[in-house]
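Grab a pencil and work through these exercises with the structure open beside you. Try each task before you read its solution.

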Amino acid sequence: MPGITKRLPMLPAERALKVIAGRWKAVILYHLFDGPRRLSALKVIMPGITQKVLIQQLREMEEHGLVAREIFAEVPSRVEYSATRLGLSLEPILLALCQWGQHHADELNEMDRLADCIIRPRQAQHDATASPN
């Protein structure tokens, strides 16, 4: 992967933004946070993305170490994508970006134009279901 890192910016914040930039990357990662998924399953839960763009975004995330692709030796062959440890480490960052986006829309009186955040902390969901208090 040395060729990839040469193309990334030197400034850490700019590097981070470059790696997660893309209309669908956050959405794809969100769906992979829960576990491995096949390409066809990702396409079904994201009907607005074309297969070409989905594959392109997955390849970019794979190059940057956020997503792993596993090919199963079956007939027909099966491919699953999963978030790597590095990819999973983006979960709190994506949640913070989502919350900031809500704050921004609220400040500009545009909450009516905003969709719900799709990034929700899994730990908080688990804690809420684990204890009735």
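**Exercise 1: Sort out the sheet**

In this predicted model, 3 strands make up an open sheet, ordered β1-β3-β2, with antiparallel pairing. Task: work out which strands are the edge strands, then find the bridge partner of R69 in β3.

Solution. Step one: look for strands that pair on one side only; these are β1 (37-38) and β2 (67-72). Step two: follow the pairing of β2 with β3, which is antiparallel and covers 6 bridges. Step three: pick out R69 and go across to β3, where its bridge partner is Y81.

**Exercise 2: Place helix α3**

Task: describe how α3 (residues 25-33) sits against α5 (residues 51-63).

Solution. Start with the axes: they come within 10 Å and cross at roughly 75°. Angles of 65 to 115 degrees count as roughly perpendicular, so α3 is roughly perpendicular to α5. Next, list who meets whom: K25, I28, L29 and L32 from α3 meet L54, Q57, L58, E60 and M61 from α5. Sort those contact residues and you get 6 nonpolar, 1 polar and 2 charged. Finally, check the sheet: α3 lies across β1, β2 and β3, running at about 100° to β3.

**Exercise 3: Find the core**

Task: which residues of the largest nonpolar core touch the most other members?

Solution. The core has 21 residues, and the ones to pick are I28, L29, L32, M46, L58 and V67. Now see where the core comes from: α2 (12-20), α3, α5 and β3 (78-83) each give two or more residues. The largest share, 5 residues, is from α3. To finish, zoom in on L58: leaving out residues up to four places away in sequence, L58 touches I28, L32, L39, L42, V67 and Y81.

Methods: Residues are numbered from 1 along each chain as its sequence is written. This is a predicted model: local features need pLDDT of at least 70, side-chain atom pairs count only at pLDDT 80 or more; totals for chains, interfaces and linings use all residues. Side-chain values use heavy atoms; hydrogens and water are left out. Axes are lines fitted to C-alpha atoms, for helices over the stretch in contact, and angles run from 0 to 180 degrees between N-to-C directions. Helices (H or I, at least four residues) and strands (E, at least two) are DSSP runs, numbered from the N terminus. Angles under 35 degrees count as roughly parallel, over 145 as roughly antiparallel, 65 to 115 as roughly perpendicular and the rest as oblique. Contact means heavy atoms within 4.5 Å. Ala, Val, Leu, Ile, Met, Phe, Trp, Tyr, Cys and Pro count as nonpolar, Asp, Glu, Lys and Arg as charged, and the others, Gly among them, as polar. A nonpolar core is a set of buried Ala, Val, Leu, Ile, Met, Phe, Trp, Tyr and Cys residues joined through side-chain atoms within 4.5 Å. Buried means under 20% relative accessible area, exposed over 50%, partly exposed in between (1.4 Å probe, protein chains only). Two strands pair if DSSP finds at least two bridges between them.
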